[in-house]
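Please open the structure in your viewer and keep the selection panel at hand. The stops below move from one selection to the next, with a short account of what is found at each.

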Amino acid sequence: MSTLFKKIHTEDFRWYDEVFIVLFVAAFLMIILGESLGGLLVVPFRHLIESDTTGYWAMFCMYFMFIGIWVVFLAVMLIIKKDRPILRTLWKAPKGNNIKYLGIGFLIGFGLNMLCAIAAMLNGDISLHYDSFNIMKLLLLLIAVFIQSSAEELVCRGFIFQRLRRGYRHPAVAIIMNAMLFASMHLLNPGVGVISIVAVLMAGIFFSLMVYYMDSIWCAMAAHAAWNYNQNIILGLPNSGIVSPVSIFKLDAASARNSFAYNVEFGIEGAIMAVVALVVASILIIVFYGKKNQKPYNPWTDI
């Protein structure tokens, strides 16, 4: 058996750590349950959605309902004793889970997304105009977007990543395989294509490298949220094919065109520019943080 896929056998090793297809199916079932619960949790907002002509509350609820995924996955990890160590990776046990790396994550996510957007603007692919600014609504949307983005990180870079780290010796397995699950979660998004899936896959690898080399899922959560918030709520561009009806800027749709920097149907994430930016950013993390030769927090060493 190759070194990459060499398995770890421990006294309380569970076979689904090794058979990642089964792990993926279990995760998808938990996601479906979480989304169903999230749908129930946003029922109190129904009257706001029905009376709101701007679409703001519908967009808020679309992001906020991901809190159901948080509830389901946390409940599973609390109930199943052998999964409880993963909970430690979500709090302050990893050295990188701190305010500093949370801030760095926001800056990285915002910077990378803005870089791709500026490239599309300079290339003449898109044109934006100012629409509106409501601080309270924007803050509420920031919270909702963070819930959505961090929920995806909880599933992929929390639960799946740590289970695979337990099942396989080489970290590349956990890094690549959880990114594949992340990409598969976007297969049904509007306007999805080959390049967009490659970009999402690369984003999953990038966030995984943050967890492994920077020892910080907080950083990955912040970077993910900043990327989504900047392109969808600040710039008014599609977020994985979904356009927000409420944003600071609006896209002049007539000016949008496909190019190396922008995809009309999927947005920034559907273009080669995003793939290149994420690849370069991933290499920089490996080069910069790999030199420190610090092993990430391992939740399984104390069990």
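**Salt bridges**

Select R257 first, in what is a predicted model: at 41% relative accessibility, R257 counts as partly exposed. Add D125, whose side chain meets that of R257 in a salt bridge at 2.9 Å, N to O. This pair links distant parts of the chain, with R257 in the loop between strand 2 (249-251) and helix 12 (272-290), and D125, 132 residues apart from it, in the loop between helix 7 (99-122) and strand 1 (128-130). Unlike R257, which is partly exposed, D125 is buried, at 0% relative accessibility.

The whole structure holds 3 salt bridges. Select R163 and D83 next, whose side chains meet at 2.4 Å, N to O; here R163 lies in helix 8 and D83 in the loop between helix 5 and helix 6 (85-89), 80 residues apart. Both R163 and D83 are buried. Then select E153 and R157, where the salt bridge is 2.6 Å, N to O, and where both residues lie in helix 8, 4 residues apart, about one turn of the helix. E153 and R157 are both buried as well.

**The nonpolar core and helix 4**

Now select F60, F73, F159, I160, F206, M210 and I268, the residues with the most contacts inside the largest nonpolar core, which has 90 residues. Helix 8 (residues 135-167) gives the most to this core, with 13 residues. Centre the view on F60, which touches F45, L140, L141 and A144, leaving aside residues up to four places away in sequence.

Widen the selection to helix 4 (residues 56-64), whose buried residues are Y56, M59, F60, C61, Y63 and F64. The elements that cover these buried residues include helix 3 (46-51), helix 5 (67-79), helix 8 and helix 11 (217-234).

**Cysteines**

Within helix 4, pick out C61, which is buried with a relative accessible area of 4%. Then go to C116, which is also buried, with a relative accessible area of 0%. Why is C116 not in a bond with the closest cysteine sulfur? That sulfur, in C219, is 17 Å from the sulfur of C116, and therefore too far for a bond. The count for the structure comes to 0 disulfides, the cut-off being sulfur atoms within 2.5 Å.

**A patch on the surface**

Finally, select Y130, F133, I135, M136, L139 and F249, which form a nonpolar surface patch with about 620 Å² of accessible area together. Helix 8 supplies the largest share of this patch, 3 residues. L139 has its place in helix 8 and is partly exposed, with a relative accessible area of 41%.

Technical notes
Residues are numbered from 1 along each chain as its sequence is written. This is a predicted model: local features need pLDDT of at least 70, side-chain atom pairs count only at pLDDT 80 or more; totals for chains, interfaces and linings use all residues. Side-chain values use heavy atoms; hydrogens and water are left out. Buried means under 20% relative accessible area, exposed over 50%, partly exposed in between (1.4 Å probe, protein chains only). A nonpolar core is a set of buried Ala, Val, Leu, Ile, Met, Phe, Trp, Tyr and Cys residues joined through side-chain atoms within 4.5 Å. Helices (H or I, at least four residues) and strands (E, at least two) are DSSP runs, numbered from the N terminus. Contact means heavy atoms within 4.5 Å. Patches are made of residues with over 30% relative accessible area and no salt bridge: like charges are joined within 9 Å, nonpolar side chains (Val, Leu, Ile, Met, Phe, Trp, Tyr) within 5 Å. Accessible areas come from the Shrake-Rupley method with a 1.4 Å probe; for residues, only the protein chains shown count as cover. A salt bridge is a side-chain nitrogen of Lys or Arg within 4 Å of a carboxyl oxygen of Asp or Glu.
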